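Me: Please take a close look at how charged side chains pair in this protein. Then place that part in the rest of the chain.

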Amino acid sequence: RGVDVRGARARRARRWAMSRTARGDAPCAGGGSDEDDEDDVGVDEVVDVKRRRTHVDDADDADDVVAGEESDGKIVVRDASRITIGSDAFQVSDAVLVKAPGTAERYVGKICAFKRRGTRVEARLCWYYRPQETRGGRKRFHGVKELFSSDHYDWVDVNTIDAKCNVYPLKDYQKLKAVGEGDFYARFLYRSSRGEFRPEAVPVFCACSEPYNPDRFMVECEECEDWFHPECVGHTQASAASVKRFTCPQCVVVQREKALGLDIKDEHL
């Protein structure tokens with residue numbers, strides 16, 4: 001999963017300006033869900049994703065789930081924040097995989113609330129987006145298990161919830177000894193109604209000036225303490241890993257210039 005790029009060395013990295021977001025060629029960004037902006041989400045403005053996600057429009061006569069255990073077939077409503085579906089228990093703040101109609105792919109959302117609508121129980125989800133579902137599309141620096149928090153909310157039938165999953169902050173994801181099928185990470189926020197990303201600038205690394213991708217191997221320059229993809233500086237992963245003291249091409253040039261300057265000075269002594 002690559003190396004851990006954090007702390008003081010990460011703070012030395014340059015900043016990636018997000019001014020190109022509107023053209024779709026900037027990195028996606030973010031942080032958490034912004035429920036206050038829910039009214040800004042336009043159904044017709046979200047690229048392709050809305051029609052593929054199972055969702056239920058809000059109704060004025062929908063009743064909130066009340067406290068107290070109620071049974072609805074295989075669904076047991078424990079209280080306003082917990083339900084049991086078969087042998088699986090779910091509660092508010094859980095990240096879950098959701099079945100989508102017409103495809104084997106499952107979507108990811110975070111449970112925000114439960115409510116009963118007649119004989120049906122529904123969950124309010126804040127969706128996570130995959131990079132390819134955003135207006136900018138998937139880029140090279142996006143990890144395989146990367147998701148984006150969003151401002152996109154829907155009510156869904158709880159029967160569409162398939163299983164729990166885990167969505168970690170990037171720093172916690174990097175600590176995992178093994179990454180499972182249901183493990184993801186999110187470091188950015190995607191405002192789906194506007195096609196905008198937050199934050200507007202993120203640290204970038206290497207000669208390619210891209211944000212960190214935990215799936216790509218990186219090596220640290222011992223001189224400037226920046227991190228590089230071996231293939232971006234004329235190395236392979238094996239050759240970069242075998243070097244006891246890795247120095248990036250730019251620092252090699254600086255070292256040669258310093259050495260040349262010392263040699264010239266010595267000739268004038």
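Reply: Glu105 is a suitable place to start: with 31% relative accessibility, Glu105 is partly exposed. Here buried stands for under 20% relative accessible area, exposed for over 50%, and partly exposed for what lies in between (1.4 Å probe, protein chains only). The model is predicted, which is why local features need pLDDT of at least 70 and side-chain atom pairs count only at pLDDT 80 or more, while totals for chains, interfaces and linings use all residues. Residues are numbered from 1 along each chain as its sequence is written, and side-chain values use heavy atoms, with hydrogens and water left out.

The side chain of Glu105 forms a salt bridge with that of Arg130, at 3.6 Å from N to O. Glu105 belongs to the loop between strand 7 (95-99) and strand 8 (106-117), and Arg130 to the loop between strand 9 (120-128) and strand 10 (146-150), so the pair ties together parts that are 25 residues apart in sequence. Strands (E, at least two residues) and helices (H or I, at least four) are DSSP runs, numbered from the N terminus. A salt bridge is a side-chain nitrogen of Lys or Arg within 4 Å of a carboxyl oxygen of Asp or Glu. Arg130 counts as buried at 15% relative accessibility, whereas Glu105 is partly exposed.

In general, side chains of opposite charge can pair when their charged atoms come close. The structure holds 13 salt bridges. Another of them joins Glu210 and Arg216, at 3.7 Å from N to O. Glu210 is buried at 12% relative accessibility, and Arg216 is buried with a relative accessible area of 12%.

Arg245 and Glu223 also meet through their side chains, with 2.7 Å from N to O. Arg245 sits in the loop between helix 4 (237-242) and helix 5 (249-267), and Glu223 in the loop between strand 16 (219-220) and strand 17 (227-228), so this pair ties together parts that are 22 residues apart in sequence. Glu223 is partly exposed, at a relative accessible area of 37%. There is also a network of salt bridges, which links Arg117, Arg120, Glu122 and Asp157.

Now the backbone. As a rule, most residues other than glycine have a negative phi, and most peptide bonds are trans. In this model the peptide bond from Arg198 to Pro199 is cis, with omega near 0°. Pro199 lies in the loop between strand 14 (196-198) and strand 15 (201-204). The loop between strand 15 and strand 16 holds Cys206, which has a positive phi of about 70° although it is not a glycine. Cys206 is buried, with a relative accessible area of 0%. Ser209 is placed in the loop between strand 15 and strand 16 as well; Ser209 has a positive phi of about 55°, again without being a glycine. Ser209 is partly exposed, at a relative accessible area of 24%.

The nonpolar side chains come next. In soluble globular proteins, nonpolar side chains tend to be buried together. A nonpolar core is a set of buried Ala, Val, Leu, Ile, Met, Phe, Trp, Tyr and Cys residues joined through side-chain atoms within 4.5 Å. The largest one has 23 residues, and Phe90, Leu125 and Val158 have the most contacts inside it. Strand 5 (82-85), strand 7, strand 8, strand 9 and strand 13 (183-191) each supply at least two residues of this core. Strand 9 gives the most, with 4 residues. Apart from this core lies another, of 17 residues, including Met218, Cys221, Phe228 and Cys251.

Contact means heavy atoms within 4.5 Å. Neighbours within four places in sequence aside, Leu125 is in contact with Val96, Val98, Lys110, Ile111, Cys112, His152, Tyr153, Asp154 and Val156. Gln91, in strand 6 (residues 88-91), is partly exposed at 38% relative accessible area. Beyond its neighbours within four places in sequence, Gln91 is in contact with Ser81, Arg82, Ile111 and Phe114.

Finally, the whole protein. The protein has 5 helices and 17 strands, and buried residues make up 45% of its 269 residues. Of the contacts with a separation of 6 or more, 64% are between residues 24 or more positions apart.
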